[in-house]
Amino acid sequence: MVEILVALTNTAGDQAAMAHAAALVEGRSGHLTLVQPVELPGAAMGALGSDPITRMQPAVMQALRDMDSSTRSLRSAAARLRVPYDIEVEDGSKDIPLNAIAQRAQLFDFAAVACGGERRSQRRKQHATFSAIAFGSGRPVLAVPARMPLPAPLRHAVLAWNGAQESARAIHDFCALVPCDRASIIAVAPSGRTSEAGHLLAEFLVRKGRRAAFHEAQAQGRPISDVLTDYALEAGADLLVCGAYGHSRAREWMLGGTTRDLLDRSHIPVFFSR
């Protein structure tokens with residue numbers, strides 16, 4: 001049984017995240033929890049206390065109507081997934097919505113979130129949600145590109161290996177949580193020690209009952225994210241597995257990094273751990 005929290009971002013990519021999470025739940029006696037963030041105006045807490053609803057400020061009333069409409073639309077979309085699900089609304093009445101969602105994700109096997117939105121405003125929401133969960137939950141996060149509405153069967157995963165603890169955690173989390181028979185481990189310009197560990201990792205996965213092989217690639221001046229996604233594309237992989245935020249979040253946000261680049265440009269879902 002697998003329990004997945006789908007952290008909705010109020011972007012078009014949410015449908016893809018829901019569909020891929022449902023595909024991982026289906027047939028495994030699993031369950032989805034869809035969490036819808038809603039920002040109520042600052043006066044909402046007081047208005048929702050002792051004051052009659054008819055005396056609420058217009059902005060609060062509108063926010064509540066929007067919440068109700070969003071929940072109805074979400075229920076309609078979720079009903080088509082054909083898996084058990086719950087819907088929760090996080091309105092920020094106790095904490096900032098994204099912080100509350102990250103804390104909620106601590107109680108799940110992993111979370112799923114949309115990525116790769118077409119507009120910068122969409123990507124900003126997706127980045128914020130992903131970052132909050134990756135840093136605040138301690139759980140893996142499946143990032144699903146918005147342009148992938150239909151889930152593909154998971155037959156082949158590419159596992160990014162660089163010898164870092166985030167990379168090791170991502171691979172072990174993947175093995176424990178995601179059914180996939182074939183794994184290609186790839187290290188970009190590895191040191192001798194990293195390469196040796198990669199071969200041993202492949203042997204470990206074989207003992208775990210998966211087909212696995214270790215490969216090396218050279219960056220040749222290209223970003224690591226491009227090397228990984230190009231390799232996954234050529235290999236016909238259905239999933240990429242990576243450690244998240246090898247540098248500090250502030251550095252990733254200011255200068256960019258492999259995690260951020262994969263969130264924006266990956267053509268397949270990426271399973272992240274840190």
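Helices α8 and α10 are oblique to each other, a class that takes in whatever angles remain once those under 35 degrees (roughly parallel), over 145 (roughly antiparallel) and 65 to 115 (roughly perpendicular) are set aside. The axes of α8 (residues 224-235) and α10 (residues 258-265) come within 8 Å and cross at roughly 45°. Here an axis is a line fitted to C-alpha atoms, for helices over the stretch in contact, and angles run from 0 to 180 degrees between N-to-C directions. The crossing of α8 past α10 is right-handed, that is, the near helix is turned clockwise from the far one by less than a right angle, with anticlockwise giving a left-handed crossing. On the α8 side, the residues that meet α10 are Ile 224, Ser 225, Asp 226, Leu 228 and Thr 229; on the α10 side they are Thr 258, Asp 261, Leu 262 and Arg 265. Contact means heavy atoms within 4.5 Å. Sorted by class, this contact has three nonpolar, three polar and three charged residues, where Ala, Val, Leu, Ile, Met, Phe, Trp, Tyr, Cys and Pro count as nonpolar, Asp, Glu, Lys and Arg as charged, and the others, Gly among them, as polar.

A word on the model itself is useful at this point. The structure is a predicted model in which local features need pLDDT of at least 70 and side-chain atom pairs count only at pLDDT 80 or more, while totals for chains, interfaces and linings use all residues. Residues are numbered from 1 along each chain as its sequence is written, and side-chain values use heavy atoms, with hydrogens and water left out.

In overall terms, the protein chain has ten helices and ten strands, both taken as DSSP runs numbered from the N terminus (helices H or I, at least four residues; strands E, at least two). Of the 274 residues in the chain, 49% are buried; buried means under 20% relative accessible area, exposed over 50%, and partly exposed in between (1.4 Å probe, protein chains only). Among contacts in the chain with a separation of 6 or more, 78% are between residues 24 or more positions apart.

A second helix pair is formed by α4 (residues 97-105) and α5 (residues 120-136), whose axes come within 8 Å and cross at roughly 45°. That angle makes α4 oblique to α5. The handedness of this crossing is right-handed. Leu 98, Ile 101, Ala 102 and Ala 105 of α4 make the contact with Ala 128, Thr 129, Ala 132, Ile 133 and Gly 136 of α5. By class, the α4 contact with α5 has seven nonpolar, two polar and no charged residues.

Just before α5 in the chain comes a loop that begins after β4 (110-115), and Glu 118 is found in this loop between β4 and α5. Glu 118 is exposed, with a relative accessible area of 75%. Its C-alpha atom lies 9.1 Å from that of Ala 12, although the two residues are 106 apart in sequence. Cys 115, in contrast, counts as buried at 3% relative accessibility. The structure holds zero disulfides, a disulfide being a pair of cysteine sulfur atoms within 2.5 Å. Cys 175 is accordingly in no disulfide, and the nearest cysteine sulfur, that of Cys 180, is 9.6 Å away.Two loop residues other than glycine have positive phi values. For Ser 29, phi is near 55°, and the residue lies in the loop between α1 (14-25) and β2 (31-37). Ser 29 is exposed, at a relative accessible area of 60%. For Arg 82, phi is near 60°, and the residue is found in the loop between α3 (58-79) and β3 (85-90). Arg 82 counts as exposed at 70% relative accessibility.

Two strand residues complete the picture. His 31 is found in strand β2 and counts as buried at 15% relative accessibility. Leaving aside neighbours within four places in sequence, His 31 is in contact with Met 1, Val 2, Glu 3, Ile 4, Val 25, Pro 84, Tyr 85 and Asp 86. Glu 216, placed in strand β8 (residues 211-217), counts as partly exposed at 45% relative accessibility. Not counting residues up to four places away in sequence, Glu 216 touches Ala 187, Pro 190 and Ser 195. The C-alpha atoms of Glu 216 and Pro 190 are separated by 7.2 Å, with the residues 26 apart along the chain.
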